[in-house]
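Welcome, and please take a moment to look over the model below. We will walk through it together, one region at a time.

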Amino acid sequence: MTAVQKVAIAGSGVAAMAAAIQLAKAGVDVDVFEAKPELSALGSGITLQGNALRVFDALGVWEDVRDKGYFFEGLTLRAPGPDAPVVAELPEVKTGGPDYPAGGGMQRPDLAAILVEHAEAAGAHVRFGARVTGLDARADDAVEVFVNDESVGVYDLLIGADGLNSTVRELIGIDTRPEPTGMGIWRAFVSRPAEVERSELYYGGPVYIAGYTPTGEDTMYAYLVEDAQDRTGVSDDEAVQIMLGESMAYGGPWEAIRADLAAGASVNYTWFTQHIVPAPWNRGRVVVIGDAAHSCPPTIAQGAAQALEDALVLTELLTARDAVDQDLWDAFHARRVPRAQAVVEASVQLGAWQLEHNRDADAPGLIFGIAHRMAEPA
């Protein structure tokens with residue numbers, strides 16, 4: 001018997017869908033409420049480390065993810081300049097263990113579609129255009145959930161996996177909010193030159209990092225990390241011109257990337273943030289996980305991996321125990337809070353180092369050391 005029989009989940013990101021898949025497979029009645037009107041076909045690429053792949057395997061989605069993405073070993077570091085010289089080939093850091101690639105990339109919409117498909121196949125009910133707008137705790141063992149200002153029923157648990165600007169986090173009175181780290185990132189979908197077979201990062205030059213990650217046989221996403229700026233109101237054409245200008249110091253495959261940008265590649269811009277909700281992440285029968293509970297700059301590409309680990313640990317406890325009690329919450333927080341805290345701190349540490357050293361290229365040792373800290377299972 002599971003500790004819960006009926007669960008509501010706010011959000012449709014990786015944490016939400018991972019929780020929905022595992023609970024539905026265990027026979028729990030799961031309702032997923034997503035504020036967006038539909039599963040978007042738009043979005044940037046995502047870099048996935050081995051510990052994320054390990055969770056995908058536990059969910060039963062690894063084969064589909066592997067088929068849609070592009071996975072590889074190791075990391076190449078280059079210097080700016082017309083020849084883009086390679087300065088380091090970092091050895092593989094298998095954060096998921098020996099059974100999985102060190103990492104890879106894929107398009108976020110493809111990943112979202114796979115996870116929703118598996119959640120629905122497992123029996124979860126996914127509703128779009130359905131924003132969680134309120135809740136009412138019922139004693140200590142239930143919570144009434146309101147969607148679009150109307151009650152949708154009483155649940156044993158509400159999981160708030162509704163992202164950085166979580167409504168559920170606000171509804172349960174948690175004041176912690178994401179804070180900018182001082183960096184912003186431009187991302188663009190482009191074609192993959194044949195010579196690009198894994199992630200490559202350029203340190204030095206006019207931006208902090210210029211890089212790209214393969215997402216498929218013919219695709220990859222390119223990114224430029226700069227000082228965070230107010231880019232509100234920048235048109236699509238202006239965004240392309242900014243990426244073109246900021247990338248001019250980088251040669252090698254960036255020549256092909258610039259050709260795609262000039263031809264009209266899709267570009268988006270976001271700021272890096274950091275936060276972690278101090279324990280406990282729950283208030284009674286409501287809990288936040290994933291980006292609602294913690295965020296970090298993507299300097300070591302652990303955001304999605306940590307969200308997935310949250311969901312896996314939580315659902316493991318919910319499906320292995322008979323009651324949602326303090327022992328369950330203590331076990332969850334003991335396994336997740338220190339781990340998430342370490343990841344946030346390591347990610348911020350690398351970003352702060354880059355800011356302090358003003359785009360210095362001497363990064364390999366720090367990157368390799370931090371990556372090894374992520375190799376232990378949650």
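Asp236 counts as exposed because its relative accessibility is 63%, and exposed residues are those over 50%. This residue sits in helix α6, which covers residues 236-246. Asp236 and Ile46 are 190 residues apart along the chain, and their C-alpha atoms are separated by 21 Å. Please keep in mind that this is a predicted model.

## A buried residue in helix α9

For a contrasting case, turn to Ala340, which lies in helix α9 (residues 326-356). Ala340 counts as buried because its relative accessibility is 0%, and the limit for buried is under 20%. Which residues touch Ala340, leaving aside its neighbours within four places in sequence? They are Ile276, Trp281, His294 and Gln306. Ala293 can also be placed relative to Ala340: the two are 47 residues apart in sequence, with 9.1 Å from C-alpha to C-alpha.

## The nonpolar cores

Trp281, one of the contacts of Ala340, leads us to the interior. In soluble globular proteins, nonpolar side chains tend to be buried together. Here the largest nonpolar core holds 78 residues, and Phe56, Ile159 and Trp281 have the most contacts inside it. Helix α1 (residues 14-25) supplies the largest share of this core, with 10 residues. There is also a second, separate core of 24 residues, with Val190, Val196, Ile242 and Tyr250 among its members.

## Aromatic rings

Next come the rings. A pair of aromatic rings is described by the distance of the centres and the angle of the planes. The structure holds 10 aromatic pairs, and two of them are set out here.

| Pair | Centre to centre | Angle between planes | Arrangement |
|---|---|---|---|
| Trp62 and Tyr100 | 6.2 Å | 80 degrees | edge-to-face |
| Trp281 and Phe332 | 5.8 Å | 75 degrees | edge-to-face |

The pair of Trp62 and Tyr100 links distant parts of the chain, 38 residues apart. Trp62 belongs to helix α3 (residues 62-68), while Tyr100 is in the loop between β6 (86-90) and β7. Trp62 is buried because its relative accessible area is 8%, and Tyr100 is buried because its value is 11%.

The pair of Trp281 and Phe332 also links distant parts of the chain, here 51 residues apart. Trp281 is found in the loop between β17 (267-276) and β18 (282-283), and Phe332 is in helix α9. Trp281 has a relative accessible area of 0% and is therefore buried. Phe332, with a relative accessible area of 0%, is buried too.

Elsewhere, Tyr202, Tyr212, Tyr250 and Trp254 form one aromatic cluster. Tyr250 has already appeared as a member of the second core.

Some rings have a charged residue over the face. Lys6 lies over Tyr155, at 4.8 Å from the ring centre. Arg231 lies over the face of Tyr269, and the distance to the ring centre is 5.8 Å.

## Strands and how they pair

Lys6 also takes part in strand pairing: it stands opposite Asp29 in β2. Strand β1 (residues 6-10) and strand β2 (residues 29-34) run parallel and are joined by 5 bridges. Is β1 mostly covered or mostly open? It is mostly covered, with 4 of its 5 residues buried.

Now look at an open sheet of 3 strands, in the order β3-β7-β4, with antiparallel pairing. Its edge strands, β3 (45-49) and β4 (70-72), each pair on one side only. Neighbouring strands in this sheet are turned against each other by 20 degrees on average, direction ignored. Between β3 and β7 (residues 103-107) there are 5 bridges, in the antiparallel sense. One position to find here is Thr47, whose bridge partner in β7 is Gly105. Helix α4 (residues 108-122) lies across β3 and β7, and runs at about 90 degrees to β7.

Our last stop is a hairpin. Strands β9 (residues 132-138) and β10 (residues 142-147) run antiparallel and are joined by 6 bridges. Asp136 stands opposite Glu144 in β10. The hairpin has 3 residues between the strands, and Ala139 takes a positive phi near 55 degrees.

Terms used. Residues numbered from 1 in each chain as written. Predicted model: local features only at pLDDT ≥ 70, side-chain atom pairs only at ≥ 80, totals over all residues. Heavy atoms only, no water. Pairing = 2+ DSSP bridges. Helix = DSSP H or I, 4+ residues; strand = E, 2+ residues; numbered from the N terminus. Axes fitted to C-alpha atoms, helices over the stretch in contact; angles between N-to-C directions. Contact = heavy atoms within 4.5 Å. Core = buried A, V, L, I, M, F, W, Y, C linked by side-chain atoms within 4.5 Å. Buried < 20%, exposed > 50% of the residue type's maximum accessible area, 1.4 Å probe, protein only. Phe/Tyr/Trp six-rings, centres within 6.5 Å; stacked < 30°, edge-to-face > 60°. Lys NZ or Arg CZ within 6 Å of the ring centre and 35° of its normal.
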